[in-house]
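User: I would like to learn how to read the features of a model like this one. Could you take me through it step by step?

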Amino acid sequence: MGSSVLRFAAVAATPLALTGCGTPLSTLDPAGPAASNIATLWWVMFWGACVLFLLVLGLLSVSLLRPAMLAAVKPMHWIIGGGLMMPIPILVGLLIAALVLGEQLLPRAGGAKAMRVEAHASQWQWRFTYPEIAGSAESDVLHLPAGEPVDIVVTTADVIHSFWIPRLGGKIDAIPGRENTIRLQADKPGAYHGICAEYCGPGHETMSFVAQAHDGADFPAAVGGRP
């Protein structure tokens with residue numbers, strides 16, 4: 001009876017747990033190569049954690065249902081087998097995946113040159129400029145050319161903020177007196193929501209913005225540039 005109730009609860013909770021996966025700020029709905037790597041790493045870590053959980057759950061079940069089986073195992077065998085041999089291969093695999101996928105997020109020397117866009121934070125808004133586009137205007141919408149890498153240089157006028165477009169990539173802090181750069185790419189045209197991911201004062205919850213990705217031919221006009 002108890003196991004049936006648990007199975008029913010798990011099935012009933014699954015749709016609720018997955019409702020967050022398709023939201024505008026979901027990291028599990030990637031729309032760019034950096035975000036795809038982050039989502040892949042998340043799933044690798046999730047399934048690795050599931051394997052460890054099931055192994056521990058299996059041992060717990062045996063200890064409850066067949067205690068005599070475990071009573072014969074020496075303490076040192078538990079330390080070596082359960083404390084080292086069981087988790088280490090899984091944790092090493094997770095570490096390798098994290099290093100490989102994380103390294104791919106970094107711009108490579110000699111790689112494709114990316115356009116520079118400047119993101120300037122202040123309490124409580126973001127302003128974007130395009131220094132390499134002649135005649136472009138400052139805006140509160142981040143315009144991006146779809147399918148092309150863009151280096152976004154993040155600065156701040158006051159306190160620490162954090163620039164984040166979950167569907168396009170990871171976060172980067174805006175720190176007073178510094179320029180921090182993150183490389184992002186939108187796979188296709190569309191609107192992608194961004195936020196400040198660092199609490200920066202009583203107006204923090206309103207500090208959101210939209211990143212609009214355009215077809216290459218439409219991008220200069222979107223930022224007010226001259227052809």
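Analyst: Happy to! Let's start with a working term: two residues are in contact when heavy atoms lie within 4.5 Å. Keep in mind that this is a predicted model. With contact in hand, we can look at helix H5: what covers its buried residues includes helix H2 (33-65) and helix H4 (75-85).

User: Which residues of H5 are buried?

Analyst: The general idea comes first: an α-helix has 3.6 residues a turn, so residues three or four places apart point the same way. In H5, the buried residues are Pro 87, Ile 90, Leu 94, Ala 97 and Leu 101. Seen down the axis of H5, these residues fall within an arc of 100°, so they line one face of the helix. Pro 89 and Leu 99, on the other side of H5, are exposed.

User: How does the distance between the end C-alpha atoms of helix H5 fit its 17 residues?

Analyst: Use the rise of 1.5 Å a residue: the 17 residues of H5 (residues 87-103) should span 24 Å, and the end C-alpha atoms are 24 Å apart, so the two agree.

User: Now to charges. How many salt bridges does the structure hold?

Analyst: In general, side chains of opposite charge can pair when their charged atoms come close. This structure holds 5 salt bridges. One of them joins Glu 118 to Arg 116, with the closest N and O atoms 3.1 Å apart. Arg 116 also bridges to Glu 179, where the closest N and O atoms are 3.7 Å apart. That second pair links distant parts of the chain: Arg 116 sits in strand E1 (residues 115-122), while Glu 179 is in the loop between strand E6 (171-174) and strand E7 (180-184), 63 residues apart. As for accessibility, Glu 179 counts as exposed at 53%, whereas Arg 116 is partly exposed at 27%.

User: Where in the chain do Asp 151 and Arg 183 lie?

Analyst: These two form a salt bridge, Asp 151 with Arg 183, at 2.7 Å between the closest N and O atoms. Asp 151 lies in strand E4 (residues 150-156) and Arg 183 in strand E7, 32 residues apart. Asp 151 is buried, with a relative accessible area of 16%, and Arg 183 is partly exposed at 22%. Returning to the earlier group, salt bridges with shared partners join Arg 116, Glu 118 and Glu 179 into one network.

User: How many aromatic pairs are there in the structure?

Analyst: The structure holds 9 aromatic pairs. To read one, take the distance between ring centres and the angle between planes; an angle over 60 degrees counts as edge-to-face. Phe 46 and Trp 47 have ring centres 5.0 Å apart and planes at 75°, so this pair is edge-to-face. Phe 128 and Phe 209 form a tilted pair, at 5.3 Å centre to centre with 55° between the planes. Phe 128 lies in strand E2 (residues 125-129) and Phe 209 in strand E9 (residues 208-214), so the pair ties together parts that are 81 residues apart in sequence. Both Phe 128 and Phe 209 are buried. Ring pairs also link Trp 42, Trp 43, Phe 46 and Trp 47 into a cluster.

User: What lies over the face of Trp 164?

Analyst: That is Lys 171, at 4.5 Å from the ring centre.

User: One last case: is Val 223 buried or exposed?

Analyst: Val 223 is buried, with a relative accessible area of 4%. Val 223 lies in the segment after helix H6 (219-222). Leaving aside residues up to four places away in sequence, Val 223 touches Tyr 130, Ile 133, Ser 136, Ala 137 and His 143.

Note on methods:
Residues numbered from 1 in each chain as written. Predicted model: local features only at pLDDT ≥ 70, side-chain atom pairs only at ≥ 80, totals over all residues. Heavy atoms only, no water. Helix = DSSP H or I, 4+ residues; strand = E, 2+ residues; numbered from the N terminus. Expected span 1.5 Å × (residues − 1). Buried < 20%, exposed > 50% of the residue type's maximum accessible area, 1.4 Å probe, protein only. Arc of directions from axis to C-beta. Salt bridge = Lys/Arg side-chain N within 4 Å of Asp/Glu carboxyl O. Phe/Tyr/Trp six-rings, centres within 6.5 Å; stacked < 30°, edge-to-face > 60°. Lys NZ or Arg CZ within 6 Å of the ring centre and 35° of its normal.
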